[in-house]
Amino acid sequence: MKQQLEAIRKMAEEAIQNAKDQSEIEALRVKYLGKKGELTAILKQMGSLSPEERPAMGQLVNLAKQAVENLIAEKQAKLKAMAQQEKLQKETIDITLPAKVKKTGKLHPLNTVLDDMINIFTSMGFDVVDGPEVETDHYNFECLNVPADHPARDMQDTFYLAENLLLRTQTSAAQIRTMENRKPPIRVICPGRVFRADEVDATHSPVFHQIEGLVVDKGITMCDLKGVLEEFAREIYGKDTAVKFRPSFFPFTEPSVEVDVTCSECGGKGCRVCKGSGWIEILGAGMVHPNVLRSCGIDPEEYSGFAFGIGLDRLTTTRYKISDIRLLFENDKRFLDQF
Ligand code: PHE
């Protein structure tokens with residue numbers, strides 16, 4: 001009986017050792033320790049032993065049962081740990097993998113430059129105002145001292161929508177609307193799209209952008225205009241930038257100037273960008289014509305003012321070295337993704 005017990009124990013030990021999962025272990029537990037299990041069966045044979053032999057044998061059987069139970073518990077713990085390990089391995093996240101880059105939208109280069117301009121002018125005390133893109137002849141020309149038969153109308157080829165309705169050719173129209181609605185002191189800029197029936201080429205587009213500036217107050221002179229534009233040019237192009245006024249003509253300003261700044265590409269030495277001159281033209285400006293002030297109900301004897309109109313597209317193409325203005329309007333993603 002003792003040998004039989006030993007044999008069973010050995011077999012159980014081996015089987016438990018080789019068990020591969022919990023269900024096999026459970027089957028072995030039933031096989032050896034269950035009600036009809038092999039070790040339980042041995043206990044039932046105790047009846048055939050003499051009363052002297054029984055206690056010792058009983059103890060041996062119990063020890064064997066205990067040993068098998070321990071082995072099962074150990075193996076179960078081992079299997080559980082292995083399963084846990086396997087699960088952890090499967091669920092591992094490789095944090096060294098490069099993350100997927102999420103594509104986010106970004107500002108169009110025109111808007112980036114416009115934001116810079118707005119920051120510069122608002123820091124000097126200017127408000128930003130808006131005007132309609134579809135204008136009347138009255139606001140776009142008449143009040144700006146350009147009557148119907150005036151030759152200056154030829155300077156701006158106009159898209160007419162109806163007899164007196166047009167796509168604004170200049171943001172200057174917003175000057176008039178502002179002066180009608182506000183009393184001096186006035187300090188505003190008006191950025192926006194303007195339209196002209198130009199031939200399309202690398203430097204011309206039928207749609208482009210201007211930023212109109214207007215200041216009206218008592219005692220405003222051309223020095224104020226120069227000071228504001230110098231400050232603006234230094235902020236945009238760097239502190240060594242010089243500003244040059246050249247006499248020009250606009251019907252709504254008198255005197256009128258065209259304004260050049262030191263070429264930011266060559267620092268004034270002369271290069272391809274400035275065509276060797278060292279200067280780049282960036283805007284038109286002048287002192288608001290008395291007729292314009294009058295047409296808005298402002299007394300030119302009491303008030304004076306200056307206005308300027310900056311081309312945003314030119315500023316943008318020179319800043320980013322964009323060779324063709326059309327790129328700004330085609331919205332080719334390959335182009336826009338570079339900014
Ligand atoms: N509106 C003018 C143009 O488009 C520019 C300008 C604005 C000139 C304000 C003087 C004063 O050419």
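In the predicted model, Glu230 forms a salt bridge with Lys226, the closest N and O atoms being 3.7 Å apart. The two residues belong to helix α8 (residues 222-237), where their spacing of four positions in the chain separates them by about one helical turn. Both ends of this contact are partly exposed: Glu230 has a relative accessible area of 21%, and the value for Lys226 is 32%. For Glu230, the assignment follows because the class of buried residues is confined to values under 20%.

The contact in α8 belongs to a total of 15 salt bridges. Another of them is formed by the side chains of Lys31 and Glu38, with an N to O distance of 3.9 Å; this pair satisfies the criterion because the limit is set at 4 Å. Lys31 is partly exposed at a relative accessible area of 39%, and Glu38 falls into the partly exposed class with 28%. A further salt bridge links the side chains of Asp337 and Lys333, at 3.5 Å from N to O. Here the accessibility classes of the partners are not alike, since Asp337 is partly exposed at 36% relative accessibility, whereas Lys333 is exposed, with a relative accessible area of 52%. Through shared partners, salt bridges also bring Lys103 into one network with Lys333 and Asp337.

The strand arrangement is considered next. An open sheet is built from seven strands in the order β1-β5-β6-β10-β9-β8-β7, and the pairing within this sheet is mixed. Its edges are formed by β1 (127-128) and β7 (243-250), each of which pairs on one side only. In general, the strands of a sheet pair through backbone hydrogen bonds, in either a parallel or an antiparallel manner.

Within this order, strand β6 (residues 207-217) stands between β5 and β10. On one side, β6 is joined to strand β5 (residues 186-195) by ten bridges, and the two strands run antiparallel. The residue pairs of this contact include Arg187, whose bridge partner in β6 is Val215, and Pro191, which stands opposite Ile211 of β6. Eight bridges connect β6 with strand β10 (residues 304-311), again in an antiparallel arrangement. In that pairing, Gly213 has Phe308 of β10 as its bridge partner. Nine of the eleven residues of β6 are buried, so this strand is largely enclosed by the rest of the structure.

Two surface patches of contrasting character were identified. A patch of negative charge is formed by Asp154, Asp157, Asp198, Glu199 and Asp201. Of these residues, Asp154 is located in the loop between α6 (137-140) and β3 (160-162) and is exposed, with a relative accessible area of 65%. The members of the patch take part in no salt bridge, because residues with such a contact are excluded from patches. A nonpolar surface patch of about 230 Å² is made by Val134, Leu161 and Leu165. Leu161 is part of strand β3 and is partly exposed at a relative accessible area of 48%. Although Leu161 does not reach the exposed class, which begins over 50%, its inclusion is consistent with the patch criterion because that criterion requires over 30%.

Several backbone features remain to be described. Most residues other than glycine have a negative phi, and most peptide bonds are trans. Against this background, the peptide bond from Pro184 to Pro185 is cis, with omega near 0°. Pro185 lies in the loop between α7 (173-181) and β5. A cis peptide bond also joins Glu254 and Pro255, with omega at about -5°; Pro255 is placed in strand β8 (residues 253-262).

Positive phi values in residues other than glycine occur at Lys321, where phi is near 55°, and at Asn331, where phi is likewise near 55°. Lys321 is situated in the loop between α10 (312-319) and α11 (327-330), and this residue is exposed, with a relative accessible area of 59%. Asn331 is found in the loop that connects α11 with α12 (333-336).

Terms used
Residues are numbered from 1 along each chain as its sequence is written. This is a predicted model: local features need pLDDT of at least 70, side-chain atom pairs count only at pLDDT 80 or more; totals for chains, interfaces and linings use all residues. Side-chain values use heavy atoms; hydrogens and water are left out. Patches are made of residues with over 30% relative accessible area and no salt bridge: like charges are joined within 9 Å, nonpolar side chains (Val, Leu, Ile, Met, Phe, Trp, Tyr) within 5 Å. Accessible areas come from the Shrake-Rupley method with a 1.4 Å probe; for residues, only the protein chains shown count as cover. Lys and Arg count as positive and Asp and Glu as negative; His and the chain ends are not counted. The place of a charge is taken as NZ of Lys, CZ of Arg, CG of Asp or CD of Glu. Buried means under 20% relative accessible area, exposed over 50%, partly exposed in between (1.4 Å probe, protein chains only). Two strands pair if DSSP finds at least two bridges between them.
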